[in-house]
Amino acid sequence: MKKPLFTGSGVAIVTPFTHNGIDYQAFTELIEFQIKGGSDAIIICGTTGEASTMPDDEHIAAIKFAVNAINKRVPVIAGTGSNDTRHAIELSKAAEAVGADGLLSVTPYYNKATQKGLYGHFKLIADSVSIPLILYNVPGRTNLNLNPETIKALAAIDNIIAVKECNLGQVGDVVNLCGEDFTVYSGDDNMVLPVLSLGGKGVISVMANIIPRDTHDMVMKFIQGDVAGAIKLQLQTLNLIKALFSEVNPIPIKAAVNLLGYKAGQCRMPLTEISEDNLELLRSEMKAYGLI
């Protein structure tokens with residue numbers, strides 16, 4: 001039986017940057033906020049963490065720092081995906097070596113791949129490490145879908161244990177094909193309950209950066225049978241989620257973390273600061289939610 005790395009809310013945490021690198025003091029504060037807020041796992045160097053702009057030494061240093069700061073209180077899942085299989089293997093091995101509990105690996109972007117290529121890509125990565133691997137299917141960013149039949153084939157590999165699924169129309173097929181032994185996480189904050197209703201076990205979340213407790217509670221209420229309570233939480237987050245995705249992630253969520261009083265810094269180019277109009281929208285929705 002494959003055990004999930006976590007059940008509930010895993011936060012795709014932002015990486016607080018300075019002009020010269022990572023603000024590790026701010027990173028510590030964000031990590032502690034997440035643990036105190038009830039996040040069930042912390043995903044380091046994912047899309048929201050801007051891994052695509054981090055050189056390898058900084059990328060691995062951030063994972064190592066998080067592993068040490070979290071100190072086994074919750075699982076640390078490291079984003080180590082790449083559109084170069086060899087590079088993904090190198091990052092995955094390095095993340096395992098510094099103590100990551102699991103890996104999140106995105107489908108190859110830009111050069112893309114056939115389903116056969118996707119299977120081979122993820123199998124080689126999984127075979128290179130001993131820790132669990134979560135597949136990351138996000139067609140909106142990669143222009144590529146990991147088909148349910150391919151996920152089923154990959155799920156037969158011992159340490160491929162889950163998928164972060166952003167193609168919500170195929171969640172039911174994935175659950176049917178892979179069974180209860182394989183974990184499905186929602187990759188979209190506004191569709192957590194639909195995924196849970198089809199057998200998902202949680203979310204890898206952007207909004208948890210600012211509402212960790214509500215994101216955790218939404219999942220756990222549903223799992224524990226308080227469906228009405230879970231629905232209430234999902235519905236009350238929707239306007240906030242719209243503001244958090246008014247521009248490409250992680251531009252708005254970093255602005256939101258800053259508005260909350262923590263230091264997220266700015267995004268790295270080519271991402272820019274949030275527009276004044278969207279900043280005002282974000283501020284308005286955070287006020288309406290009672291955050292500021």
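**Entry 1: a bridge in the barrel**

I started at Tyr-185 and looked up its bridge partner in β8, which is Gly-202. This is a predicted model, so I read everything below with that in mind. The two strands involved are β7, residues 183-186, and β8, residues 202-205; they pair in the parallel sense over 2 bridges.

Stepping back, I followed the strand order and found a closed barrel of 8 strands, running β1-β2-β3-β4-β5-β6-β7-β8 with parallel pairing. I noted an average twist of 25° from one strand to the next. Next I checked helix α6, residues 148-155, which packs on the sheet and touches β5 (133-137) and β6 (160-165). The direction of α6 makes about 155° with that of β6.

**Entry 2: the cores**

Which residues have the most contacts inside the largest nonpolar core? I found Ile-42, Ile-44 and Ile-63, in a core of 60 residues. I took Ile-42 and listed its contacts beyond four places in sequence: among them are Val-11, Ile-13, Ile-31 and Ile-35, along with Val-74, Pro-75, Val-76 and Ile-77. Gln-34 is also on that list, as is Ile-70. There is a second, separate core of 22 residues, and I spotted Leu-118, Leu-154, Val-171 and Cys-178 in it. Nonpolar side chains tend to be buried together in soluble globular proteins.

**Entry 3: the annotated pair**

I then turned to the UniProt record, an unreviewed entry, whose "binding site" annotation covers Thr-48 and Ile-204. They are spread over 157 residues of sequence, yet they cluster in space, with a largest C-alpha distance of 10.5 Å. Both Thr-48 and Ile-204 turn up in the lining of the second largest pocket.

Where does Thr-48 lie? I placed it in the loop between β2 (41-44) and α2 (56-70). Buried or exposed, I wondered about Thr-48? Its relative accessible area is 2%, so Thr-48 counts as buried, the cut-off being under 20%. Leaving out residues up to four places away, Thr-48 touches Ala-12, Ile-13, Val-14 and Thr-15, then Val-206 and Asn-209, and finally Asn-249, Pro-250 and Ile-253.

**Entry 4: back to β8**

Ile-204 brought me round to strand β8, where it lies. Ile-204 is buried because its relative accessibility is 2%. Outside four places in sequence, I found Ile-204 in contact with Tyr-185, my starting residue, and with Ser-186 and Gly-187. Other contacts of Ile-204 include Phe-6, Gly-10, Ala-12, Ile-43, Leu-104 and Lys-164. I also noted that Ala-12 appears on the contact list of Thr-48 and on that of Ile-204.

Notes. Residues numbered from 1 in each chain as written. Predicted model: local features only at pLDDT ≥ 70, side-chain atom pairs only at ≥ 80, totals over all residues. Heavy atoms only, no water. Pairing = 2+ DSSP bridges. Helix = DSSP H or I, 4+ residues; strand = E, 2+ residues; numbered from the N terminus. Axes fitted to C-alpha atoms, helices over the stretch in contact; angles between N-to-C directions. Contact = heavy atoms within 4.5 Å. Core = buried A, V, L, I, M, F, W, Y, C linked by side-chain atoms within 4.5 Å. Buried < 20%, exposed > 50% of the residue type's maximum accessible area, 1.4 Å probe, protein only. UniProt positions renumbered as here; feature names shortened; annotations may be inferred. 1 Å grid on protein atoms, 1.4 Å probe; cavity = no way out; pocket = protein on both sides within 12 Å on 5 of 7 lines; lining within 4 Å.
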